[in-house]
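Biologist: I have a chain here that I would like to understand before going back to the bench. Could you walk me through it?

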Amino acid sequence: MAKEESQVDHVTPIIERCLAMDTLASEVYLQLAGASAAAKLQEFWKKMADEECSHIEHWRRILVWAKRGAIPDVFENPTVIERELAVGESKVRELLDSSGSISDVQKAFLIAYRLEFYLLHPAFSKLFRVADVFAEGSNIEEQYDLHVREFVDMISLYGATSPELDLIGNVLQRLWQSNRELTTRHAEDFLTGVLSRRGLYSMMTPFSFLAQRANHQVGIMMIDLDGFKRINDLHGHFAGDRVLETLAEIIKTRIRRSDLVGRFGGDEFLVFLSQVTLDQLRTVGKEICHRCAAADRVPSFTVSIGASHGTIGINVEKDLDQLIDLADRRLYQAKASGRNAVVVD
């Protein structure tokens, strides 16, 4: 479903800034390669430029979807983010203007460091999570992690004669890790490591648009621990936490990379399964239910599961909400039937 005309699109301008900055970054690295006298550095700068080109293709792909309204607004202050990226883009343009004549190795690395610093704005890390949905099997965040590590490793080769280079390599790596951790804290549940409710909804939207595009049938499972209050009362809250962690691990081992799992609230989890048949949905639900009951741990526990199945139509968000509501009602039926049960279409 495209965004309503009255609804302001905050995501597209941010993606356009990311695309512009990576495009400029590729040009900076090509200029550094052209100015370098060392064959090994020429090869390295060209490799960095090629990797920026792959990032450009990712941005172009999700930009198409953003203009269709398929990318969720994942930013709390999008106007501020866009303004910060505009400043970063201006700074990268300045680097492009000065990088063509830099033959000194240390100065070249300092330019590259400043470039990567601007490209490590938290907006990039946050959008990588969404972009992976449209990346056709690749993991953009992992690719960028490798990109940063390659840069740091090359700096280390020259850092022995330049303490300043060694220092900026460490700073860059720590900044990247801090941004990843910050993004994770907003998108993931601290206890179980699965998506938080907020992170889950931000990812289900683009997944649903992809399912609509391909006319795939999707499934929703609502999974609830049976008698969780009793577990806490009898064994303590730490034991209850361990049960939640065990349940999350069981769910994750049974679903695919193309599926999503998040902690919906308290002791309830939601699973979004993309491109799934009704029989497959029923099988997954039963296996999760069985593995929980058979888990070798104290305290033992069981779960009840309600599931819904169908296609996503024109009104993506409405259809998704209806599937979630139907799965929730089936969860209550599973509870009413005696628990430790799965109720599907």
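What follows is a short conversation about the chain as a whole, one of its helices and one loop residue.

Modeller: Happy to help! This is a predicted model, in which local features need pLDDT of at least 70 and side-chain atom pairs count only at pLDDT 80 or more, while totals for chains, interfaces and linings use all residues. Residues are numbered from 1 along each chain as its sequence is written, and side-chain values use heavy atoms, with hydrogens and water left out.

Biologist: How many helices and strands are in the chain?

Modeller: Helices (H or I, at least four residues) and strands (E, at least two) are DSSP runs, numbered from the N terminus. Counted that way, the chain has 12 helices and 5 strands.

Biologist: What percentage of the residues in the chain is buried?

Modeller: Buried means under 20% relative accessible area, exposed over 50%, and partly exposed in between, with a 1.4 Å probe and protein chains only. The chain has 345 residues, and the buried share of them is 51%.

Biologist: What span should helix H2 have at 1.5 Å a residue?

Modeller: The expected span of a helix is 1.5 Å times one less than its number of residues. H2 covers residues 39-67, which makes 29 residues, and its end C-alpha atoms agree with the expected span of 42 Å.

Biologist: Why do the buried residues of H12 line one face of the helix?

Modeller: The buried residues of H12 include Val-316, Leu-320, Leu-323, Ala-327 and Leu-331. An α-helix has 3.6 residues a turn, so residues three or four places apart point the same way. The arc is that of the directions from the helix axis to the C-beta atoms. Seen down the axis of H12, the buried residues line one face because they fall within an arc of 135°.

Biologist: Which exposed residues does H12 carry on the face turned away from its buried side?

Modeller: The buried side of H12 packs against helix H8 and strands S1, S2, S3, S4 and S5, where contact means heavy atoms within 4.5 Å. On the face turned away from that side, the exposed residues are Tyr-332 and Ala-336.

Biologist: Is Ile-102 buried or exposed?

Modeller: Ile-102 is found in the loop between helix H3 and helix H4. Leaving aside neighbours within four places in sequence, Ile-102 is in contact with Ala-35, Lys-107, Ala-108 and Ile-111. At 17% relative accessibility, Ile-102 counts as buried.

Biologist: What separates the C-alpha atoms of Ile-102 and Ser-36?

Modeller: Along the chain, Ile-102 and Ser-36 are 66 residues apart. Their C-alpha atoms are separated by 7.4 Å.
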